[in-house]
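Student: I'd like a close look at one part of this model, with whatever sits around it. Could you walk me through it in one go?

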Amino acid sequence: MTRATKATLTFDNGAPPIEFPVLSGTMGPDVIDIRSLGQHGYLTYDPGFMATASCASRISYIDGDAGLLCYRGYPIEQLASQSTFMEVAYLLLYGELPNSGQKSVFEEEMRRNAMLHDQIHTVFRGFRRDAHPMAVMVGVTGALSAFYHDSTNVFDAANREQSALQLIAKIPTVAAMSYKYNMGEPFAYPQYRHHYTENFLHMMFSTPCETYQVNPILARALDRILILHADHEQNASTSTVRLAGSSGANPFACVAAGMASLWGPLHGGANEAVLKMLAEIGDVSRIPEFIKRAKDKSNPFRLMGFGHRVYKNMDPRAAVMRKTCHEVLDELDLNGDPLFQIALELERIALQDEYFISKKLYPNVDFYSGIVFRALGIPESMFTAIFALARTAGWVAQWNEMLSDSAHRIGRPRQQYIGAMPRDYVPINQR
Ligand code: ACO
């Protein structure tokens with residue numbers, strides 16, 4: 001079938017039809033450009049933006065039916081196996097992979113910008129020690145906007161680049177400090193001698209009493225996890241960053257807003273739920289019982305880590321994560337880990353089951369990531385914090401792309417009003 005170039009909206013009340021251009025991207029569904037609809041006195045209704053392209057973007061692309069995820073055209077499997085998180089962050093921000101000179105300069109920028117203003121320590125001290133690291137991260141990242149506000153002109157490309165680099169460089173420090181604060185341990189400063197991901201492990205695990213020896217295999221596994229989580233089209237947190245940033249707001253404040261959205265259990269919290277479920281299953285012999293529960297319509301239980309709103313085929317990140325899981329457990333001599341054995345067997349059984357096959361329910365990225373984090377010694381409360389660290393690269397790339405676009409306007413969704421008609425105020429003694 002040839003591609004449509006125009007779409008016509010007709011009405012059953014005799015009103016004249018309205019024509020709209022149909023736009024094609026490089027991949028994915030065509031989009032009907034309805035920008036002129038408001039002039040005709042109509043709006044579209046699309047809660048959850050299920051059928052709305054909120055922007056045109058060059059950064060990432062998902063084909064859920066084919067199980068494809070690309071950053072700037074590069075398939076995620078190739079990036080995860082051949083590149084580093086630093087290369088991927090550069091790619092997301094600048095659109096091309098760096099050559100070795102560009103990579104060195106970028107990594108140096110990251111090292112030089114990793115430290116936080118010393119005054120930020122007092123911000124940490126305002127939190128309860130037992131506060132969730134994500135609550136602390138949202139607060140401290142928002143507070144960083146006070147340190148870099150007057151100097152930031154978001155409508156200037158060089159200023160935007162500087163802010164983007166600072167954010168990618170500083171968020172690992174914020175994340176590790178949030179953990180240290182929670183643990184009651186002294187903060188560990190970033191070290192110039194370490195690469196980005198090693199530095200994060202150093203800030204998480206070294207103490208004044210003992211320097212943490214970074215295991216390169218584990219650092220590589222974490223680096224790969226960061227690559228897998230770096231961007232994912234216009235998801236809830238990315239859309240939040242774009243919407244907050246559309247008003248010209250400070251980028252640190254915008255990223256804090258994205259973190260708040262990511263913290264929700266429907267977005268960033270599923271890998272914790274997977275670990276809890278695997279622990280509850282407890283033994284491979286009990287898997288059939290849990291599969292039965294998941295298929296039972298009268299039971300709200302779902303197999304956590306299975307299914308995805310967009311991927312109706314294997315989540316390509318899940319396959320990489322399974323391999324990473326094997327590598328990490330091998331390295332730590334934990335291959336007999338009971339939760340991992342349960343996960344492997346659960347995946348095997350579910351993928352042969354007619355219910356999961358017919359509903360296109362495959363493991364998603366969260367299915368194995370919790371097991372990897374646990375093996376790396378990262379506590380559950382930090383899972384979403386690390387997701388936020390990785391996604392910061394995507395958030396700032398998307399924020400920068402939006403503000404670089406001459407067609408950019410403040411984000412301002414409309415509504416279908418279903419409330420009261422205009423009515424007169426009733427004084428309190430007459431209510
Ligand atoms: N276990 C059992 N049945 C499931 C599961 C599951 N994990 N997921 C979906 N189904 C069933 C639903 O009961 C529904 O059945 P029905 O058609 O008979 O009513 C059907 O599959 C479609 O489910 P929806 O909820 O409509 O699918 P949707 O695309 O809206 O939801 C979601 C996707 C929320 C991820 C869902 O699959 C789920 O709850 N999975 C478990 C939680 C999870 O792993 N979340 C992480 C997502 S990845 C991420 O956020 C990074």
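How do strand β5 and β6 pair, and over how many bridges?

Tutor: Bear in mind that this is a predicted model. Strand β5, residues 68-71, pairs with β6 in the antiparallel sense, and two bridges hold that pairing. The two strands belong to an open sheet of three, ordered β4-β5-β6 with antiparallel pairing. The edges of this sheet are β4 and β6 (74-75), each of which pairs on one side only.

Now for the residues on these strands. Tyr71 has Tyr74 in β6 as its bridge partner. Tyr71 also turns up in the largest nonpolar core, which has 113 residues: it is among the members that touch the most others, along with Met137, Phe200, Leu278, Leu303, Leu346 and Ile371. The largest share of that core comes from helix α17 (residues 383-404), which supplies 14 residues. Leu278 gives you a feel for how these names connect: leaving aside its neighbours within four places in sequence, Leu278 is in contact with Leu339, Ile342, Ala343, Leu346 and Ile371.

Over on edge strand β4, which covers residues 60-63, you'll find Asp63. Asp63 counts as partly exposed because its relative accessibility is 25%. The C-alpha atoms of Asp63 and Lys312 are separated by 9.0 Å, although the two residues are 249 apart along the chain.

His232 is a handy residue to click on next. His232 lies in the loop between α8 (216-228) and α9 (236-245), yet its relative accessible area is just 9%, so His232 counts as buried. Its side chain makes a polar contact of 2.8 Å with that of Tyr311. Setting aside neighbours within four places in sequence, the contacts of His232 are Ser60, Ile62, Leu69, His308, Tyr311, Arg317 and Arg391.

Moving along the chain, there's helix α2 (residues 85-94). Nine of its 10 residues are buried, so α2 is largely enclosed by the rest of the structure. The buried set is Phe85, Met86, Glu87, Val88, Ala89, Tyr90, Leu91, Leu92 and Leu93. After α2 comes Gly95, with a positive phi near 95°.

If you like ring geometry, the whole structure has 17 aromatic pairs. Phe11 and Tyr42 make a stacked one, with 4.6 Å centre to centre and 20° between the planes. That pair links distant parts of the chain, 31 residues apart: Phe11 is in the loop between β1 (6-9) and β2 (18-23), while Tyr42 is in the loop between β3 (31-32) and β4. Tyr42 is partly exposed because its relative accessible area is 32%. Tyr355 and Phe356, by contrast, form an edge-to-face pair at 5.1 Å centre to centre and 75° between the planes. Tyr355 and Phe356 are both buried, and ring pairs link them with Phe306, Phe340, Phe367 and Tyr368 into a cluster.

Finally, two arginines sit over tyrosine rings. The charged end of Arg112 is over the ring of Tyr192, 4.1 Å from its centre. Arg129 lies over the face of Tyr181, 4.0 Å from the ring centre.

Note on methods
Residues numbered from 1 in each chain as written. Predicted model: local features only at pLDDT ≥ 70, side-chain atom pairs only at ≥ 80, totals over all residues. Heavy atoms only, no water. Core = buried A, V, L, I, M, F, W, Y, C linked by side-chain atoms within 4.5 Å. Buried < 20%, exposed > 50% of the residue type's maximum accessible area, 1.4 Å probe, protein only. Helix = DSSP H or I, 4+ residues; strand = E, 2+ residues; numbered from the N terminus. Contact = heavy atoms within 4.5 Å. Polar contact = N/O pair within 3.5 Å; in protein donor to acceptor, adjacent residues only side chain to side chain. Pairing = 2+ DSSP bridges. Phe/Tyr/Trp six-rings, centres within 6.5 Å; stacked < 30°, edge-to-face > 60°. Lys NZ or Arg CZ within 6 Å of the ring centre and 35° of its normal.
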